Amino acid sequence: MASKSAVFFDRDGTLNVDVHFLHEIEKFRWVEGAVDAVRAVNARGALAIVITNQSGIARGYYTEEEMYRLHEWMNEELQKHGAHIDAFYYCPHLTDGAVEAYREDCDCRKPKPGMLLRAMKEHDIDPARAVMIGDAARDVECAERAGIRGTLYAGGSLLPVTLEALDSCGI
Ligand SMILES: [Zn+2]
């Protein structure tokens with residue numbers, strides 16, 4: 001029996017203000033309430049996991065190393081506020097990407113459910129106590145295809161949306 005609960009967050013447009021193919025720390029801005037939202041997930045004992053399409057890697061706009069640096073920085077910033085992301089899952093692929101190594105019709109680019117399925121397996125997550133929050137229809141579709149709840153974030157503070165999502169699956 002899977003035992004853990006989790007909130008899966010989309011990254012660009014959900015945790016941070018969407019900037020075209022963001023990879024520079026200096027352009028990163030948290031969405032209103034995002035840090036509080038992550039801390040609320042931590043406080044409820046659920047895993048906070050990022051699920052993000054990063055086709056900019058396949059397009060050759062930035063490297064995986066640059067993305068790792070950004071994710072490390074995000075966690076450093078969160079930790080200053082007593083919050084943390086437990087894991088990051090990303091899809092670097094694109095069917096017609098410019099970088100051959102990432103040119104792939106993969107199973108992980110949202111709305112495909114590969115990242116969620118892998119995260120749930122690797123972290124022993126109970127699908128009944130998991131929810132995906134994202135600003136795009138493909139995030140909700142991805143959640144449904146993975147057999148979990150999906151919540152559309154339509155702007156404003158991310159905190160009430162997250163608290164409602166936590167309540168909706170009894171976390
Ligand atoms: Zn992929």
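# Chat about a zinc-binding chain

Q: Hi! Where is the place of Asp124?
A: Asp124 lies in the loop between helix 3 and strand 4. Bear in mind that this is a predicted model.

Q: Okay, and what's its phi?
A: Asp124 has a positive phi of about 60 degrees, although it is not a glycine. The residue comes just after helix 3.

Q: Is Asp124 buried or partly exposed?
A: Asp124 is partly exposed, because its relative accessible area is 32%.

Q: Which other residue, not a glycine, has a positive phi?
A: Phe21 is one of them, with phi near 45 degrees. You'll find Phe21 in the loop between strand 1 and helix 1, the helix of residues 34-43. At 23% relative accessibility, Phe21 counts as partly exposed.

Q: Back to helix 3. Which of its residues are buried?
A: Helix 3 spans residues 114-122, and its buried residues are Gly114, Met115, Leu116, Ala119 and Met120.

Q: What covers those buried residues?
A: The cover includes four strands and a helix: strand 1 (4-9), strand 2 (47-53), strand 3 (87-91), strand 4 (125-134) and helix 4 (137-146).

Q: New topic, the metal. What are the protein donors of the zinc ion?
A: Three cysteines and a histidine: Cys91, Cys106 and Cys108 each give SG, while His93 gives ND1. These donor atoms lie 2.1 to 2.3 Å from the zinc ion.

Q: What arrangement do the four donor atoms make?
A: The arrangement is tetrahedral, because the angles between the donor atoms around the zinc ion are 102 to 117 degrees. For four tetrahedral donors, the ideal angle at a metal is 109.5 degrees.

Q: And what spacing do the donors follow along the chain?
A: The spacing is C-x1-H-x12-C-x1-C. Within it, His93 and Cys106 are 13 residues apart, and each of the two sits in the loop between strand 3 and helix 3.

Q: Are His93 and Cys106 buried or exposed?
A: Both His93 and Cys106 are buried. Cys106 gets that label because its relative accessibility is 7%.

Q: What else is in the loop between strand 3 and helix 3?
A: Pro111 is found there too. The peptide bond leading from Lys110 to Pro111 is cis, with omega near 15 degrees.

Q: With those cysteines around, how many disulfides does the structure hold?
A: Zero.

Q: Take Cys142, then. Which cysteine sulfur is closest to its sulfur?
A: The one in Cys108, but at 10.0 Å the two sulfurs are too far apart for a bond. Cys142 is also buried, with a relative accessible area of 0%.

Q: Let's zoom out. How many helices and strands does the protein chain have?
A: Five helices and five strands. From the N terminus on, the elements run β-α-β-α-β-α-β-α-β-α.

Q: How does its radius of gyration fit a compact globule?
A: It agrees: a compact globule with 171 residues would have a radius of gyration near 16 Å, and the protein chain has 15 Å. Along the principal axes, the C-alpha atoms fill a box of roughly 45 × 35 × 25 Å.

Q: What share of the residues is buried?
A: Buried residues make up 53% of the 171 in the protein chain. As for the accessible surface, the total is about 8,000 Å², and 48% of that belongs to carbon and sulfur atoms.

Q: Last one: what share of the contacts joins residues 24 or more positions apart?
A: Such pairs account for 70% of the contacts in the protein chain with a separation of 6 or more.

Key:
Residues numbered from 1 in each chain as written. Predicted model: local features only at pLDDT ≥ 70, side-chain atom pairs only at ≥ 80, totals over all residues. Heavy atoms only, no water. Buried < 20%, exposed > 50% of the residue type's maximum accessible area, 1.4 Å probe, protein only. Contact = heavy atoms within 4.5 Å. Donors = N, O, S within 2.8 Å, 3.2 Å for Na, K, Ca; no water. Tetrahedral: all angles 85-135°; square planar, octahedral: opposite > 155°, others 65-115°. Disulfide = S-S within 2.5 Å. Rg over C-alpha atoms; globule rule 2.2 N^0.38 Å. Areas by Shrake-Rupley, 256 points an atom, 1.4 Å probe, with all protein chains shown as cover.
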